[in-house]
Amino acid sequence: MSKRKISRRHFLGEASCAAIGSSTFLSTALNLAMINTVAARPHIIENIDDYKAIVCILLAGGADSHNILIPRHRDRYQECLDTRTSLALNHRPDPIPGSDPDLLYDYYIPLNGVDYDINGGMTGVQQLFNSNKISFISNISTLIEPIADKVAYQAGGYKLPLGLYSHSDQIMQWQNSLAQDRSAVGVGGKIADLLNDTQSIPEISMNISLDGKNRFQSGNQALEYAIKNNVTQNNIGVEGLPSWYSNSGFLNQTKDQVAQNILEAEYGNLFQKTYGTLTNNSYEAIEIMQAALGKVPPINTPFSGTSLSQVLFLMAKMMSVQADLGKNRQMFFTTFRGWDHHDNVIGSQSGMLPVLSNALVEFYAALVELGLEEKVTVITVSDFARTLTSDDNSSDHAWGSNQMIMGGAAKRWTDIWKLSCNSIEQQLQFVR
Amino acid sequence: MIRNDPTDEKGLYSNESIPDNEKAFYDLSITLSLADDNDELHILVDRLDMLSAHGLLSDASHNLIVETLKEFPADDADDIDERARIAIYLVLSSPEYLINR
């Protein structure tokens with residue numbers, strides 16, 4: 001595969017294109033160069049004593065995010081309604097006070113300071129937005145070079161992302177930020193490769209996954225540390241023996257110790273040696289993680305029982321003991337599945353958007369409780385948006401979508417979003 | 001579609017039933033008969049070694065597993081069952097089993 005040749009002017013052009021929120025992970029090339037510069041100057045690293053974390057939530061399947069944001073102005077709403085037909089919700093700019101809250105899922109509710117409303121199932125996100133804690137990045141997706149409009153797109157001659165409209169390709173490109181390449185190395189993995197030396201306790205990765213192996217967190221060297229959402233101090237590691245043993249504690253220890261002893265032996269075969277080392281490292285990691293979990297302070301913020309809420313709850317716990325895990329930079333990843341709505345878009349979303357919205361609200365409240373709200377940034381990503389046009393209550397795979405960014409950094413994103421709002425118009429242009 | 005496919009775990013064809021004689025299972029009877037006697041534990045580990053690791057388990061690991069199993073009680077059927085499972089667990093934890101060469 002030949003390297004893509006670009007001129008400096010071209011490169012800067014793409015970088016500024018990314019800066020208004022058109023390309024995934026916001027021009028990683030530039031940001032990674034910054035991290036590289038920092039990593040090359042040890043005196044800067046020695047002064048890193050603050051804490052920062054990124055949380056990436058993948059809405060797998062390609063969420064129909066055009067039902068999350070909708071233009072408020074009567075004429076523009078009508079335009080949207082004409083295009084979306086059965087996919088557009090009823091428009092009530094001013095929900096009736098005291099009405100059945102369930103009915104609100106059919107309405108859009110207003111966002112302050114912008115000409116857009118938000119899906120009525122996301123009252124939590126509405127409040128976060130109106131208090132400048134969350135923002136949207138609209139018309140964001142995978143991109144190699146800017147394409148002006150539908151005419152230009154149909155005329156061709158542009159480099160399009162590999163496998164545009166394909167779930168697996170687009171999920172991959174959102175995570176590795178390379179729309180022209182099928183790279184196994186993700187953005188979080190690259191960051192961890194560069195910053196790993198600045199972090200202590202190498203047994204636990206900077207990258208903690210609540211969804212097993214993923215591309216976002218895989219680097220050339222760095223790997224993710226995967227945990228389940230029900231991990232506690234007393235529920236971690238390899239499966240224990242039945243509790244009916246009178247001395248199951250001692251026997252559990254014996255079993256694990258022997259398994260480790262077997263792994264510690266010298267093996268001539270390189271695969272066997274590597275397997276032994278890696279598995280023994282995980283045993284050590286379990287002990288470190290277990291000790292850290294024991295130090296999690298009480299978190300009073302209530303979390304719902306949904307899987308996503310529980311995942312974010314555990315992330316908050318991990319962040320509360322970042323010092324015990326030897327990390328002042330962390331990246332978390334999880335997946336919220338089931339957004340590929342080829343049928344019943346509105347009905348399915350009315351169940352799922354509140355789950356997402358509530359989880360974000362609960363997580364933000366927990367961050368405030370832990371004093372981390374300025375230090376943790378949450379981003380949502382999704383394969384792609386869905387077609388604006390309706391095919392019997394369903395929408396198909398499309399391109400630019402509306403995503404959310406939450407946390408201390410989101411304040412500045414509010415302004416950027418206003419800039420990129422124009423691109424919603426462009427999206428509409430694209431479809432007609 | 002294969003009828004009575006024992007690998008169908010997802011219930012996609014939930015109207016099918018698998019006859020008893022077609023169900024996949026692991027026969028523990030020989031393992032259990034060896035697990036109750038400390039003097040036969042080395043035969044037990046040998047057997048698991050032959051079945052799963054092509055007899056490549058190192059002497060050190062072999063002895064370690066045998067000595068470990070002796071620490072576990074064998075007073076009743078539950079004990080013996082658990083002993084057999086731990087023997088299998090430890091042999092299957094070994095690099096000799098996991099790395100096929």
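Two strands pair if DSSP finds at least two bridges between them. In this predicted model, that rule applies to strand E9 of chain A, and the report then turns to a histidine in the loop that follows this strand.

**Strand E9 and its partners**

Strand E1 (residues 52-59) of chain A and E9(A) run parallel and are joined by 7 bridges. One of the partnerships places A:Val55 opposite A:Val378 of E9(A). E9(A) is also linked to E10(A), with 3 bridges and an antiparallel course. Here A:Ile379 has A:Ile405 of E10(A) as its bridge partner.

Is E9(A) enclosed or open? Because 7 of the 7 residues of E9(A) are buried, the strand is largely enclosed by the rest of the structure. Both of its faces are covered: A:Val376, A:Val378, A:Thr380 and A:Ser382 are buried on one side, and A:Thr377, A:Ile379 and A:Val381 on the other.

**The loop residue A:His397**

A:His397 sits in the loop between E9 (376-382) and E10 (401-407) of chain A. Its relative accessible area is 19%, and buried means under 20%, so A:His397 counts as buried.

The table lists two polar partners of the A:His397 side chain.

| Partner of A:His397 side chain | Distance |
|---|---|
| Backbone oxygen of A:Tyr165 | 2.9 Å |
| Side chain of A:His342 | 3.2 Å |

Leaving aside residues up to four places away in sequence, A:His397 touches A:Tyr165 and A:His342, and also A:His167, A:Asp340, A:Phe384, A:Ala385, A:Arg386 and A:Thr387.

How values were computed:
Residues are numbered from 1 along each chain as its sequence is written. Chains are lettered from A and ligands numbered from 1 in the order in which they are written. This is a predicted model: local features need pLDDT of at least 70, side-chain atom pairs count only at pLDDT 80 or more; totals for chains, interfaces and linings use all residues. Side-chain values use heavy atoms; hydrogens and water are left out. Helices (H or I, at least four residues) and strands (E, at least two) are DSSP runs, numbered from the N terminus. Buried means under 20% relative accessible area, exposed over 50%, partly exposed in between (1.4 Å probe, protein chains only). A polar contact is a pair of N or O atoms within 3.5 Å; within protein, one must be able to donate a hydrogen and the other to accept it, and residues adjacent in sequence count only if both atoms are side-chain atoms. Contact means heavy atoms within 4.5 Å.
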